[in-house]
Amino acid sequence: MPQADRLSSEAFYKAMRELTIERICKVCKGTYHGPEKLWTKEITAVSTDSRKIEEGCLYVPIVGARADGHSFIPQVMEKKALVTLSEKDLGDTKYPWIQIESSLQAVKDLAEEYLKILHIPVVGISGSVGKTSTKEMIAAVLSVKFRVLKTLGNFNNELGLPLTVFRLRDEDEIAVLEMGISDFGEMTRLARIARPKVEVITNIGWCHLENLKTRDGILKAKTEMFDWIQEDGTVILNGDDDKLSAIHDVHGIQPVFFGLQDTFPIWADEVENLGLMGVKCRIHAAGEAQTVHIPLPGNHMAYNALAGTAVGLAFGMTLSEICQGIESLKPLSGRFNILSLAGRTVVDDCYNANPVSMKASLEVLEKGAGRKVAILGDMGELGENEEKLHEEVGEFAGGLQLDVLYTVGTLTRGLEKKAKEKNPRLFTQHFDTLEEFLPVLMEKTKPGDTVLVKASHFMHFEKIIEAFSAE
């Protein structure tokens, strides 16, 4: 059974061990309204989506920007949910419910309790760039030897992480959880739930600057996770990152560093960029060395492989087993997924973007076949220096051997201008909106082109991928 299909697997229907209505009330400090015969009944699942209700589950109504989950409670209970939480007084009803102060806080409290019940070790992953690709790498490595549950999609925040935890069942052996934040205090709330056995930080880069302001602010926010590590835990850090390399003690735990220097216990050399075919490198760890082919492109993937190696070693795996996992890695939609569409090689990297990842993706594009076409959109959450950071990416792009640059959005106007200034021979064109660009997409690109599609998620560049796919 593929790991990614766990939401629809038979395991989803099994009871969540010891999460009875009685325990839920106690953990959430709620008041139960319903028949006493259900008091010791275990729920089968937790759902915040009224469209995905399974018999016997707990429904948690979330008040969102567009809809209030409380309005769906009657139809949810008709679908045979066992019980529902509610921030509102539902009065006399024919179905059982638990009144609580905050649905979101209840979800977090329940997830923390459920992990305590299961005693499943958690690998917590954070960092400015590469969290998701590192998470995928680590899960691929560990899956060689263990049954692993990992974060799916963007379920890495204060609602998504608990919902990931609720997918765990007794047969799972390790949880690999991505932990995404944009402000101080968020990591504390996530790490309190996860209480990781192993903590991995990929790097401290330039993102989420609106709230965190500086790289030192990012470092402070990310390392809040250290306060919740298990006593016998392992801290794994990128030793080539200047901020992380300065950390020498985490509550008595000595960090394990990885990087491209032979002074680290886990390091790589002979890094060979194979363009869109991936990367080769030789990994040194535990007194051994082994050459591995990483099937996803970009030199930065060597760092992801090293992080996966460090985690594998922490769980007693051999270097041979670890390399087997690295070579089994599969791309994710929107995360440097290489597609053949409409006669073009399309690099779908449209899920998210920041200056570091944008530059890394452009470097990979440079090694593509045919005309090298970059379609770039605005990057979000960069704070007061957002214009300058976009311009720096433009100057970087202008220094590469690219053929065409199309920019879409408000902030990328400066990116396009700087790229043209750096390389007057580079063909560039700016579009204010995606709606303006989409009708001319096919005439602006040609069969045989290698096309990079990258922007922050709010730009909805997946519509570009859909347009290519429709041809």
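**Burial and overall dimensions**

I started with burial: 56% of the 471 residues of the protein count as buried. I note here that the model is predicted. For the accessible surface of the protein I find about 20,300 Å², with 48% of that area belonging to carbon and sulfur atoms.

Next I looked up the secondary structure and found 16 helices and 20 strands. The radius of gyration is 24 Å, close to the 23 Å that the globule rule gives for 471 residues, so the protein is as compact as a globular protein of that length. I also took the spans of the C-alpha trace along its principal axes, which are about 75 × 55 × 40 Å. For contacts between residues at least 6 apart in sequence, I note that 64% join residues at least 24 apart.

**The open sheet**

I then traced an open sheet of 5 strands, in the order 1-5-4-3-2, with mixed pairing. Its edge strands are strand 1 (31-33) and strand 2 (46-47), and each of these pairs on one side only. Inside the order I checked strand 3 (residues 58-59) against strand 4 (residues 83-86): they pair in the parallel sense over 2 bridges. In that region Tyr59 stands opposite Thr84 of strand 4.

I add a reminder on pairing: strands of a sheet pair through backbone hydrogen bonds, either parallel or antiparallel.

**A hairpin**

For an antiparallel case I went to strand 15 (residues 337-341) and strand 16 (residues 344-349), which pair over 5 bridges. Ile338 has Val347 in strand 16 as its bridge partner. The two strands form a hairpin with 2 residues between them. In the turn, Ala342 has a positive phi of about 50 degrees.

**Aromatic pairs**

My next lookup was the aromatic rings, and the structure holds 8 aromatic pairs. Why is the pair of Tyr32 and Trp39 tilted? The ring centres of Tyr32 and Trp39 are 5.5 Å apart with the planes at 45 degrees, and the tilted class covers angles that are neither under 30 degrees nor over 60, so this pair is tilted. On accessibility, Tyr32 is buried at a relative accessible area of 15%, whereas Trp39 is partly exposed at 31%.

I set a second pair beside it: Tyr406 and Phe427 are edge-to-face, with 6.3 Å centre to centre and 80 degrees between the planes. Tyr406 lies in strand 18 (residues 404-408) and Phe427 in strand 19 (residues 427-431), so the pair ties together parts that are 21 residues apart in sequence. Tyr406 counts as buried at 3% relative accessibility, while Phe427 is partly exposed with a relative accessible area of 42%. I followed these rings further and found one aromatic cluster formed by Tyr406, Phe427, Phe431 and Phe437.

I also looked for a charge over a ring. Lys220 lies over the face of Phe184, at 5.8 Å from the ring centre.

**Asn423**

Last, I looked up Asn423. Where does Asn423 sit? Its place is in the loop between helix 13 (412-422) and strand 19. Is Asn423 buried or exposed? At 13% relative accessibility, Asn423 counts as buried, because the cut-off for that class is under 20%. Leaving aside residues up to four places away in sequence, I find that Asn423 touches Gly398 and Leu400.

Methods
Residues numbered from 1 in each chain as written. Predicted model: local features only at pLDDT ≥ 70, side-chain atom pairs only at ≥ 80, totals over all residues. Heavy atoms only, no water. Phe/Tyr/Trp six-rings, centres within 6.5 Å; stacked < 30°, edge-to-face > 60°. Buried < 20%, exposed > 50% of the residue type's maximum accessible area, 1.4 Å probe, protein only. Helix = DSSP H or I, 4+ residues; strand = E, 2+ residues; numbered from the N terminus. Lys NZ or Arg CZ within 6 Å of the ring centre and 35° of its normal. Contact = heavy atoms within 4.5 Å. Pairing = 2+ DSSP bridges. Rg over C-alpha atoms; globule rule 2.2 N^0.38 Å. Areas by Shrake-Rupley, 256 points an atom, 1.4 Å probe, with all protein chains shown as cover.
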